[in-house]
Amino acid sequence: MIYLPDPVYNPNFASDITANTQLAAGVPIVKFLGARGSRVQFERIKTDKDQLARNLYLHAELIKKTTANSDFDQHRLTVAEGVYVAAEKETVTSNSTNDLKQTGRAVVYQLYGTNGKIDFAKSYDLAVFWKDYCDYDKLILDYDTYDPSGNPSCQIVVEMPNVPESFDISFKRNVETTFNTKLQSKNELVEILL
Amino acid sequence: MTTKEDNIVTRIQKLGEGQEDTLGVPQTGFSDASGQYPTQDYYFGTSTNKAAKGETTTQLFSGGGDKNVSIELPDQKPSQYPFNQVQQTPAGHSWEIDDTPGGERIIMKHRTGAGLELRADGSVLFSAVNKKVEVTGGDHTVIVEGEGNLVYKGNLNVRVTGDYNLTVDGNINVDVAGNKEEAVHGSYTGTFDNNHNSTIKGSQSSRVVGTHTQTLLSDNYVFVKGDQNNWVEGDVELTSGNRLVTTAESEWAASSETTNITGITVSVLGTKGTIGGTLVDHYGKVYSGPPEGAGNGGTTFYGTLVGRAAEAITADFANKAGQTPFAKYAEGAGKAKTHSNGSGSAPSVKEPEKYETIFPFIETPPDAPEPTTELIAPHLAVSNFAIRKVIVDTDIEDPNSLVSKILKTDDYKDLFDRDPTIDEIRSKIRDTANFNNKEFTNNLVAEGLLSTDFAKAFDGKIGRTSNRSKQKKFGYKPLGNNPADVKSKRFLV
């Protein structure tokens, strides 16, 4: 299908793609660069910048839809892992999430409550909201116990299709739930109680 | 009741006054003539504002906190009727002055959620859903008795046209993921009351147009694992107040068109080599060497020797020669191969002309010990002048261990060059190849950066589930005009 981007924020119309290029109102590209999990500078990204901007545009739409939803107005949607730049000697597994993060196709989000902590229940609600109301290739509700402090974590991985200049794209709309990288359910979002 | 949609003048003009008068009259009595009220939330109930009765609590948009940044305010006690005075417009703006005991607050809310809230405990919440602009014509003073957190998800530009004075009574911690650039158009002065340590994992370079002066009031150590090159176009002066020792394990070379080595006591020792040149004068007290003779490894002089020699292959003048193949004048010769009168025995000859010696022969044995291999070897190995062994990275097995320790590339298998945060680790091990890299994850666990439970299988409880297909649900906003339909309508998006 032909996706119709907002002409004001259509990256195809931008004269020059920079870190400050707005992809939606209040959503510049830099929002996907300063993520805690993958802090990177725009000039270090090797991906074609136009392609990167078009891919991230879909994520900006996702963010915009979320912030417009009053159900989440007491929560902050944060980009936990944005554009990924591999280490010098790192070999990124092809088509892995990190591979897709390199081109802006995949972004990892976290939802924080007013107390500055991840709201697990609301994260599930958000995943369900995205599943029902948004477009994506794959949605992964991801839980883990990586933090040595003992605090579990929850994030939502959203993978988008590669966006050509024509914006002719289709969405696979697959969903998964993972725990410590291990698949817990396919085609189903499961709220894990930690 | 007038509403924002009322335009009675237009309707009267369009419909006529009579029709307009009858249209606005509801058939059921005390209903809203405009049809806007009651709103969906107030069906089948009293029209008293729910916020006034404490059934709902008006909240501003907060957008949530951020990681480790809490904006949580104390819970607001629900309002009690009739303490809360509520004004709410059809668009959704509201203005509440609440005198509920223990829950006193004032809130001014825009329909978008933006607004100002003064809470019961004295907290003030200011929320801007979109831009926030502050303009101060005069001075601006902020005094905060507690902590502060600033999180900007985009760029932050600060411009100070005057001086920028920053006083920190504690520490300053700066963590820059990218580059840091400073341009100081005037002078830069830094004073460190204690130590100044820096670790540079890449290269360091500095360019100084003027003079570079470094004053060290204690010791100075420079350890170089690779080469050190000093290229100076002008003079170089290396001066020591005490000893100056230069050693090299392989070769030490000093060359110049004019080379001077001067000392009260000078020693140039070696087991082999060359000293001198075509036009070099040698001054000294004693020249000594092995006596084996020319061609046998002994000391040999070529050229003209003025003085006395115990043995000489050829001597123009010799007062005494034990054996000479050719002697022009000999006072006494036990045996001569040839002589002027041709007889087989030494003839009696005329008293030869006595040649005066130019230098009197005084036997002067050398003061210093002979520089033999036995003397020089320990001299180079264990004396004060011994060649220093240079090892910068002392780990013999891994000559780059120090580099690895600094870069941490070995610890983290080239995936990190510093201690990562848990967020960075999570991002990295999202790639299963990294997750399954045992050495990598074990090191992270050993460093205490990754939980020992990182690979734990799920054994807990699950809550809600939702399958892939879109779910039927109540809408977030009502559709349609029939109140009863709206209340019960289910729809798919």
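## Chain B: its strands, its salt bridges and its border with chain A

Ile97(B) stands opposite Ile106(B), a residue of strand E3(B). This pairing belongs to a predicted model, and it is a good place to enter chain B. Strand E3 covers residues 105-109 of chain B, and it pairs with E2(B) in the antiparallel sense over five bridges. The two strands form a hairpin with six residues between them. In that turn, Gly102(B) has a positive phi of about 85°.

Now step back to the other partner of E2(B). Strand E1 (residues 84-88) of chain B runs antiparallel to E2(B), and five bridges join them. Ile97(B) appears again here, as the bridge partner of Gln85(B). E1(B) and E2(B) also make a hairpin, with five residues between the strands. Gly92(B) in this hairpin takes a positive phi near 115°.

Which residues of E2(B) lie on its covered face, and which on its uncovered one? Strand E2 spans residues 94-98 of chain B. Ser94(B), Glu96(B) and Asp98(B) make up the covered face. Trp95(B) and Ile97(B) make up the uncovered face.

Next, the charged pairs. Side chains of opposite charge can pair when their charged atoms come close. A search of the whole structure, over all chains, finds 29 salt bridges. Three within chain B are worth a look.

Start with Asp66(B) and Lys153(B). Their closest N and O atoms are 3.0 Å apart, in a salt bridge. Asp66(B) sits in the loop between helix H3 (50-53) and E1 of chain B. Lys153(B) sits in the loop between strand E5 (124-127) and helix H4 (373-381) of chain B. The two residues are 87 apart in sequence, so their pair ties together separate parts of the chain. Buried or exposed: which describes Asp66(B)? Asp66(B) has 3% relative accessibility, so it counts as buried. Lys153(B) is partly exposed, with a relative accessible area of 31%.

Lys53(B) and Glu55(B) form another salt bridge, with 3.3 Å between the closest N and O atoms. Lys53(B) has a relative accessible area of 25% and is partly exposed. Glu55(B), at 51% relative accessibility, counts as exposed.

Lys180(B) and Glu182(B) make a further pair, their side chains meeting at 3.7 Å, N to O. Lys180(B) is exposed, with a relative accessible area of 60%. Glu182(B) counts as exposed as well, at 55% relative accessibility. Salt bridges can also link up across chains. Glu81(A), Lys101(A), Asp142(A) and Arg430(B) are joined into one network by salt bridges that share partners.

That network leads to the border between the chains. Here 61 residues of chain B are in contact with 68 residues of chain A. The area buried between the chains is about 5600 Å², and carbon and sulfur atoms give 46% of it. Which three residues supply more of chain B's share than any other three? They are Arg430(B), Arg464(B) and Arg468(B), which supply 15% of the area that chain B buries against chain A.

Polar links are counted here too. Eight salt bridges run between chain B and chain A. In one of them, Arg464(B) meets Glu191(A) at 2.8 Å, N to O. There are also 49 residue pairs in polar contact between the two chains, both residues at pLDDT 80 or more. Helix H6 (422-428), helix H7 (432-435) and strand E6 (461-467) of chain B each give two or more residues to the side that touches chain A. E6(B) gives the most, with seven residues. By class, this side of chain B has 19 nonpolar, 23 polar and 19 charged residues.

E6(B) also pairs with a strand of the other chain. Its partner is strand E9 (residues 188-193) of chain A, and the two pair in the antiparallel sense over five bridges. Within this pairing, Ile462(B) is the bridge partner of Ile192(A).

Finish at Asn434(B), which is placed in helix H7 of chain B. Asn434(B) is buried, with a relative accessible area of 5%. What does Asn434(B) contact, leaving aside its neighbours within four places in sequence? Across the border, the contact is Glu90(A). Within chain B, the contacts are Leu415(B), Lys428(B), Ile429(B), Phe440(B) and Thr441(B).

Technical notes:
Residues are numbered from 1 along each chain as its sequence is written. Chains are lettered from A and ligands numbered from 1 in the order in which they are written. This is a predicted model: local features need pLDDT of at least 70, side-chain atom pairs count only at pLDDT 80 or more; totals for chains, interfaces and linings use all residues. Side-chain values use heavy atoms; hydrogens and water are left out. Contact means heavy atoms within 4.5 Å. Buried area is the accessible area (1.4 Å probe) that two parts lose on being put together, summed over both. A salt bridge is a side-chain nitrogen of Lys or Arg within 4 Å of a carboxyl oxygen of Asp or Glu. A polar contact is a pair of N or O atoms within 3.5 Å; within protein, one must be able to donate a hydrogen and the other to accept it, and residues adjacent in sequence count only if both atoms are side-chain atoms. Helices (H or I, at least four residues) and strands (E, at least two) are DSSP runs, numbered from the N terminus. Ala, Val, Leu, Ile, Met, Phe, Trp, Tyr, Cys and Pro count as nonpolar, Asp, Glu, Lys and Arg as charged, and the others, Gly among them, as polar. Two strands pair if DSSP finds at least two bridges between them. Buried means under 20% relative accessible area, exposed over 50%, partly exposed in between (1.4 Å probe, protein chains only).
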